[in-house]
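Here's a friendly walk through one protein model. Take a look at the sequence and the structure first.

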Amino acid sequence: MKQGRGKKRQAMAYTKSNGAVMASPKSSKKDKVRLLLADDHSLFRAGLKDLLDGTSNFMIIGEAATGPEALEMIEKKKPDIVLMDIRLPGMDGIACTRQIKKTHPEVTVLILSMYDDESHVLEAFNAGANGYLSKLLSAQDLVRAIETVHQEGYLIPGNIMNRLM
């Protein structure tokens with residue numbers, strides 16, 4: 001938790017049309033959000049890079065194809081957010097998330113995966129992920145989700161949120 005004037009910040013949630021529960025933004029930052037892309041599919045990383053580098057809000061500072069490579073890049077590049085695939089060679093995205101949160105708790109981890117079942121989502125959150133998104137998400141929703149998570153929010157799929165309440 002960030003230290004401030006003794007006040008705990010609270011997130012307000014709202015539900016999107018796709019069922020995801022998102023936190024509303026609390027602050028706005030003018031600097032570009034520094035992103036690390038961790039996915040073993042080079043074509044998918046290239047597509048993400050084209051999409052996100054084309055906005056005024058994001059800067060891709062590195063790419064990783066394996067879990068160990070992602071951890072190394074985090075040490076060297078100090079990203080704000082890691083877009084992490086759940087299945088990576090060498091060390092999966094869940095184990096990477098757990099390690100990132102131990103060594104760099106300030107780094108936001110947003111899982112981006114083809115798996116959208118409850119068990120994978122809960123496993124990711126238990127490891128410390130700040131959010132979980134399906135790779136089937138629209139480009140516009142992905143951009144919004146990254147912006148929201150960066151502004152100290154979280155992102156939980158609606159079907160999981162309903163079970164938790």
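What follows covers the nonpolar cores and then one helix.

## Ground rules

This is a predicted model, where local features need pLDDT of at least 70, side-chain atom pairs count only at pLDDT 80 or more, and totals for chains, interfaces and linings use all residues. Residues are numbered from 1 along each chain as its sequence is written, and side-chain values use heavy atoms, leaving out hydrogens and water.

## The cores

The largest nonpolar core (buried Ala, Val, Leu, Ile, Met, Phe, Trp, Tyr and Cys residues joined through side-chain atoms within 4.5 Å) has 22 residues. Buried here means under 20% relative accessible area, with a 1.4 Å probe and protein chains only. A38, V82, M84, I100 and I111 touch the most other members. Among the elements that each supply at least two residues are strand 3 (33–38), strand 5 (81–84) and helix 3 (93–103). Helix 2 gives the largest share, four residues. (Helices are DSSP runs of H or I with at least four residues, strands are E runs of at least two, numbered from the N terminus.)

There's also a second, separate core of 18 residues, including V33, L112, V143 and V149.

## Helix 1

Helix 1 spans residues 42–53. Its buried residues are R45, L48 and L52. Seen down the axis, they fall within an arc of 65° (taken from the directions from the axis to the C-beta atoms), so they line one face of the helix. The face turned away carries L43 and D50, both exposed, that is, over 50% relative accessible area.

Methods:
Expected span 1.5 Å × (residues − 1).
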